[in-house]
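Hi there,

Here is the structure I promised to pass on to you. Please have a look at it first, and then read my notes underneath.

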Amino acid sequence: IVLFPTNLVLVFAAADLYGIGYGCYSGVDWGLACDTLPDRTHSAKDMRLFHVAFTLPQTFVPLTMGVLLDYFNKQSANSGYRVIFSFAVVFLLLGTVLVSRIRSVR
C-alpha cells in the first residue's frame, strides 16, 4: 500500500495479510474481554459496555476518514488510501500494545 502496488496478486496478498491480522486481533480482543470480566454472574452488563466500545468507533470513523480520504485524494491521486491504511496500521499496533497491558482477573 505504501508503494501503491498495481499488481492485483500483490493487492490480494496484502488484503489477506490485513484480514488475518485483524481477525487474530479481534479474536484475542474478545477472548481477553471475556477473561477479564469482573463478575461472571452478570457478564451481559459488562459485555454490553465492551460492545459499545468496540462498535462506536465504527460509527464515527467513516465520517472522519471519509473527509480525510477526499482531502488527500484531491492533493494527489489515491494518496487518501495510503493515509487511511496508515491510520489503520497505527491504531491496530496501538491497540496491540494497550491490550498487552490488561491483567487477568483471578
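Below is what I found, starting with the whole chain and ending with a few single residues.

Please keep in mind that this is a predicted model.

**The overall picture**

The secondary structure amounts to three helices, with zero strands. Reading from the N terminus, the order of elements is α-α-α. The protein is more spread out than a compact globule, because its radius of gyration is 17 Å, well over the 13 Å that the globule rule gives for 106 residues. If you want a feel for the dimensions, the C-alpha atoms fill a box of roughly 55 × 30 × 20 Å along the principal axes.

How much of the chain is buried? Buried residues account for 13% of the 106 residues. The protein exposes about 8200 Å² in total, and 71% of that area comes from carbon and sulfur atoms. As for contacts, if you take those between residues at least 6 apart in sequence, 51% of them join residues at least 24 apart.

On charge, I count 8 positive and 6 negative side chains, and the centres of these two sets lie 6 Å apart.

**The cysteines**

You may well ask about disulfides at the bench: how many does the structure hold? The answer is zero. Cysteine 24 is in no disulfide, and the nearest cysteine sulfur to it, in cysteine 34, is 17 Å away. Why is there no bond for cysteine 34? Its sulfur is 17 Å from the closest cysteine sulfur, that of cysteine 24, which is too far for a bond; a disulfide needs the two sulfur atoms within 2.5 Å. Cysteine 34 counts as partly exposed, because its relative accessibility is 35%, and the range for that class runs between 20% and 50%.

**Two leucines and an asparagine**

Leucine 63 sits in helix α2, which covers residues 43-75. Is leucine 63 buried or exposed? With a relative accessible area of 59%, leucine 63 is exposed. Leucine 63 and glycine 27 are 36 residues apart in sequence, and their C-alpha atoms are 26 Å apart in space.

Moving along the chain, asparagine 78 belongs to the loop between α2 and α3, the latter being residues 79-99. What is notable about the backbone there is the phi of asparagine 78, which is near 65°, a positive value in a residue other than glycine. Asparagine 78 has 31% relative accessibility, so it counts as partly exposed.

Leucine 93 is part of helix α3. Its relative accessibility is 54%, so leucine 93 counts as exposed. Leucine 93 and glycine 27 are 66 residues apart along the chain, with 15 Å between their C-alpha atoms.

That is everything on my list for now. Do write back if you would like to go through any of it together.

Best wishes

Methods
Residues are numbered from 1 along each chain as its sequence is written. This is a predicted model: local features need pLDDT of at least 70, side-chain atom pairs count only at pLDDT 80 or more; totals for chains, interfaces and linings use all residues. Side-chain values use heavy atoms; hydrogens and water are left out. Helices (H or I, at least four residues) and strands (E, at least two) are DSSP runs, numbered from the N terminus. The radius of gyration is taken over C-alpha atoms; the globule rule is 2.2 Å times the number of residues to the power 0.38. Buried means under 20% relative accessible area, exposed over 50%, partly exposed in between (1.4 Å probe, protein chains only). Contact means heavy atoms within 4.5 Å. Accessible areas come from the Shrake-Rupley method with a 1.4 Å probe; for residues, only the protein chains shown count as cover. Lys and Arg count as positive and Asp and Glu as negative; His and the chain ends are not counted. The place of a charge is taken as NZ of Lys, CZ of Arg, CG of Asp or CD of Glu.
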